[in-house]
Structure formats: structure tokens, C-alpha cells
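Here is a set of short exercises to work through with the model open beside you. Try each task on your own before reading the solution.

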Amino acid sequence: MAIKHRVSLLLVSLVIFFQGSRVSARSTVFTLKNLCSYTIWPGTLAGNNGAVLGDGGFSLAPSASNQFPAPAGWSGRFWARTGCNFDESGNGKCTTGDCGGKLKCSGSGGVPPVTLAEFTIGSNSNHFMDFYDVSLVDGYNAGMGIQPSGGTGDCKYAGCVADLNPNCPPELEVTSAGSTVACKSACAAFNTPEYCCTGDHSTPATCPPTEYSKLFKQACPDAYSYAYDDETSTFTCSGADYTITFCPTGM
């Protein structure tokens, strides 16, 4: 009986081991979908020298979508670039979200103001829990939403589906050809500690919401409005795939 018991324990251990291996090896699939009425050029940036998705950047026509698998433990961000013009070598410039004048961002982030989708995909170190958010900390240039599918846990929709550009305060506006194409964060516009949560304002207690971050939060309650807006802006899920939609309402 003792031998049978040890064999049974060994089989259970092997099952747990291989199940854990499958979980850790699972790829998370990101689907990027463009519901904007215009072409965008999504940019991608991986953290910690992780896998570069979509070569770092590509074009996405209206109604088009593209999918990319990411390994366990991947972290990074996605954003929309607008008003881009690239030559055959992939050199050019974007009106918003530019990343060094390249189609393929090659490790460069988008120049603010830009709406960000941020992810840390589950791994052994965080019990396979995904963390994700849509952030306006670097400002806003296009609406964005994150929809998890097939996961377990809280797995809520996150995003900023409103178009903030028409109601952007004049002191935060970025304009091109007479139109507002992006809305700066107060930190980017004024670069002071109370707006950037730096210096004497570097803690949640000393850096409360401002009149500008409150405007962002009112318009987009499920998005980060400033640096310490964690409580209602960070979401978790486990074992999900994610659809990132630009202009979720078809703006």
C-alpha cells in the first residue's frame, strides 16, 4: 500500500508540474483593432528587453485588426500614432505619438501626449496574474479600450472611450492644421511638482487630483488620470487574451 501511495503522489506531482508548465508556456494573444475613421499606426514597446510585438510599429487601416502572441511574463505598452507619413524605408513622422521618426519604433516610446494601453502578463513570479490599464498620465491623443476574453478573475473592461480633444482646455491643446489633435497632461504642459507628483509632491498624500486630472477622470473613469490614480484604474485577470480597440465608439 505504501508503494502504491508513493506512486499516486508521484503521478499527482507530475500532473501538477505539467499543468504548471502549460500555464507558464501559454501565449497571450493581443488583438489590435482600429475603429477610427482614419488610418492609425500603432506603436508597441516591450519592457525588460521583452519580445517586440508587430516589429514595434505598423499601419492599421479603418476596420482592420492584427494579432500578436506574447509570452508569459511579457510587459509593455501599445499606443496609436496619427497623421503619419513614412517613405519606403520606414522613415517619416507622425503628428501624434511619434517614436523617433520610424515606422518600427525600435525600443522608443511615443512622444506625449499619447493614450497608452499598459500590460504586465502573468508569470510564476506573480502567480500568473495579468495587470493592465489605459493611461492618460502621458496625455491623450485617441480613444482606447481593453477587453479581456477567456480569462478568470475580475477581468473588467478598461479604457477611455470618450473623445477628449474637443473639450481639451486651451492651455493643454496640441493643434495641427487648425484642429486639436491631442490633449497634454498638466505635467507635460506646466512641468511643476504638483502636477508631476515630484519633489515635495512625490507621494499619494501630497499629490492629490488636480482640476486637470479631474477633467480626464470625469470623461474616462476607467483610465489613469494622473500618477497616483491606482485604485480605480488598474485591472487584473488571469489566463486571458486581450482586444485593444482604438476609437471604441468609432470616432
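## Exercise 1: The two sides of a helix

The buried residues of helix α4, which spans residues 211–219, are Tyr 212, Ser 213, Phe 216 and Lys 217. This is a predicted model.

**Task.** Work out why these buried residues lie on the same side of α4, and find which exposed residues sit on the face turned away from the buried side.

**Solution.**
- Step 1. Start with helix geometry: an α-helix has 3.6 residues a turn, so residues three or four places apart point the same way.
- Step 2. Now look along the axis of α4. The buried residues Tyr 212, Ser 213, Phe 216 and Lys 217 cover an arc of only 135° around that axis, which puts them on the same side of the helix.
- Step 3. Turn to the other face. Pointing away from the buried side of α4 are the exposed residues Lys 214 and Gln 218.
- Step 4. Finally, find the packing partners. The buried residues of α4 pack against β12 (179–183), α2 (186–190) and α3 (193–196).

## Exercise 2: One residue in β12

**Task.** Decide whether Ser 179 is buried, exposed or partly exposed.

**Solution.**
- Step 1. Locate the residue: Ser 179 belongs to strand β12.
- Step 2. Apply the cut-offs: buried means under 20% relative accessible area and exposed means over 50%, with partly exposed in between.
- Step 3. The relative accessible area of Ser 179 is 41%, so this residue is partly exposed.
- Step 4. For orientation, compare positions. Ser 179 and Asn 165 are 14 residues apart in sequence, and their C-alpha atoms are 9.1 Å apart in space.

## Exercise 3: Building the five-stranded sheet

**Task.** Find the order of the strands in the five-stranded open sheet, then say which strands are at the edges.

**Solution.**
- Step 1. The strand order is β3-β1-β14-β9-β10, and the pairing is mixed.
- Step 2. The edge strands are β3 (65–70) and β10 (158–160), each of which pairs on one side only. From one strand to the next, the twist averages 20°.
- Step 3. Follow β1 (residues 28–34) to its partners. β1 runs antiparallel to β3, with six bridges joining them, while β1 and β14 pair in the parallel sense over five bridges.
- Step 4. Use Lys 33 as a marker: Lys 33 stands opposite Ser 65 in β3, and its bridge partner in β14 is Thr 245.
- Step 5. Go on to β9 (residues 144–149), which is antiparallel to β14 (residues 241–246) and joined to it by six bridges. Here Ile 146 has Ile 244 of β14 as its bridge partner.
- Step 6. Check burial in β1. Five of its seven residues are buried, so β1 is largely enclosed by the rest of the structure.

## Exercise 4: The nonpolar cores

**Task.** Which residues touch the most other members of the largest nonpolar core?

**Solution.**
- Step 1. This core has 41 residues, and those that touch the most other members are Phe 30, Leu 32, Phe 78, Phe 119, Ile 146, Tyr 242 and Ile 244.
- Step 2. Strand β14 gives the largest share of this core, three residues.
- Step 3. Look around Ile 244. Its contacts include Phe 30, Leu 32, Phe 78, Phe 119 and Ile 146.
- Step 4. A second, separate core has six residues, among them Leu 45, Trp 79, Cys 105 and Val 114.

## Exercise 5: Strand β4 and its partners

**Task.** Find which strands pair with β4, and explain why β4 is described as largely enclosed.

**Solution.**
- Step 1. Strand β2 (residues 43–46) pairs with β4 in the antiparallel sense over four bridges; there, Leu 45 has Arg 77 of β4 as its bridge partner.
- Step 2. β4 is also antiparallel to β7 (residues 116–120), through five bridges, and Trp 79 stands opposite Leu 116 in β7.
- Step 3. Four of the five residues of β4 (residues 75–79) are buried, so this strand is largely enclosed by the rest of the structure.

## Exercise 6: Unusual backbone

**Task.** Where is the cis peptide bond that involves Pro 113?

**Solution.**
- Step 1. Recall the background: most residues other than glycine have a negative phi, and most peptide bonds are trans.
- Step 2. The bond from Pro 112 to Pro 113 is cis, with omega near 5°. Pro 113 lies in the loop between β6 (92–93) and β7.
- Step 3. Ser 106 is also in the loop between β6 and β7, and has a positive phi near 50°.

Note on methods:
Residues numbered from 1 in each chain as written. Predicted model: local features only at pLDDT ≥ 70, side-chain atom pairs only at ≥ 80, totals over all residues. Heavy atoms only, no water. Pairing = 2+ DSSP bridges. Helix = DSSP H or I, 4+ residues; strand = E, 2+ residues; numbered from the N terminus. Axes fitted to C-alpha atoms, helices over the stretch in contact; angles between N-to-C directions. Core = buried A, V, L, I, M, F, W, Y, C linked by side-chain atoms within 4.5 Å. Buried < 20%, exposed > 50% of the residue type's maximum accessible area, 1.4 Å probe, protein only. Contact = heavy atoms within 4.5 Å. Arc of directions from axis to C-beta.
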